[in-house]
Amino acid sequence: MRPAALWRAALAPAGTTIVGSLVYKEPATALRLFFIVTLIGSLIGLKFARPTQ
């Protein structure tokens, strides 16, 4: 998977959740925020785990 696709795959759900919390007043629970941070952290981990060429 290309690096740009990885960023879009992680930031789309995170952005949707943030917009939902701010605009539509959906609850931003600790568990929801934890999983957003985990998703972005996993993406960063995949970026660094990629073999160098």
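A residue counts as exposed when its relative accessible area is over 50%. Keep that cut-off in mind for the views below, which show a predicted model.

**View 1. Leucine 22 sits in helix H1 and is exposed.** Helix H1 covers residues 3-23, and leucine 22 is part of that run. The relative accessibility of leucine 22 is 61%, so this residue lands in the exposed class.

**View 2. Leucine 22 has company in a nonpolar surface patch.** Ile18, Val19, Val23 and Tyr24 make the patch together with Leu22. Its area is about 540 Å².

**View 3. Two phenylalanine rings pair up edge-to-face.** Search the whole structure for aromatic pairs and you get just 1. Its partners are phenylalanine 34 and phenylalanine 35, with ring centres 5.2 Å apart; the planes meet at 65°, and because an angle over 60 degrees counts as edge-to-face, that is the label the pair gets. As for cover, phenylalanine 34 is partly exposed at 48% relative accessibility, and phenylalanine 35 is partly exposed too, at 49%.

**View 4. Stepping back, the whole chain holds 2 helices and 0 strands.** Along the principal axes, the C-alpha atoms fill a box of roughly 45 × 20 × 10 Å. The chain has a radius of gyration of 13 Å, while a compact globule of 53 residues would come in near 10 Å.

**View 5. The surface of the chain adds up to about 4300 Å².** Carbon and sulfur atoms account for 72% of that accessible area. As for the inside, buried residues make up 13% of the 53 in the chain.

How values were computed: Residues are numbered from 1 along each chain as its sequence is written. This is a predicted model: local features need pLDDT of at least 70, side-chain atom pairs count only at pLDDT 80 or more; totals for chains, interfaces and linings use all residues. Side-chain values use heavy atoms; hydrogens and water are left out. Rings of Phe, Tyr and Trp (its six-membered ring) pair if their centres lie within 6.5 Å; planes under 30 degrees apart count as stacked, over 60 as edge-to-face and the rest as tilted. Buried means under 20% relative accessible area, exposed over 50%, partly exposed in between (1.4 Å probe, protein chains only). Helices (H or I, at least four residues) and strands (E, at least two) are DSSP runs, numbered from the N terminus. The radius of gyration is taken over C-alpha atoms; the globule rule is 2.2 Å times the number of residues to the power 0.38. Accessible areas come from the Shrake-Rupley method with a 1.4 Å probe; for residues, only the protein chains shown count as cover. Patches are made of residues with over 30% relative accessible area and no salt bridge: like charges are joined within 9 Å, nonpolar side chains (Val, Leu, Ile, Met, Phe, Trp, Tyr) within 5 Å. A salt bridge is a side-chain nitrogen of Lys or Arg within 4 Å of a carboxyl oxygen of Asp or Glu.
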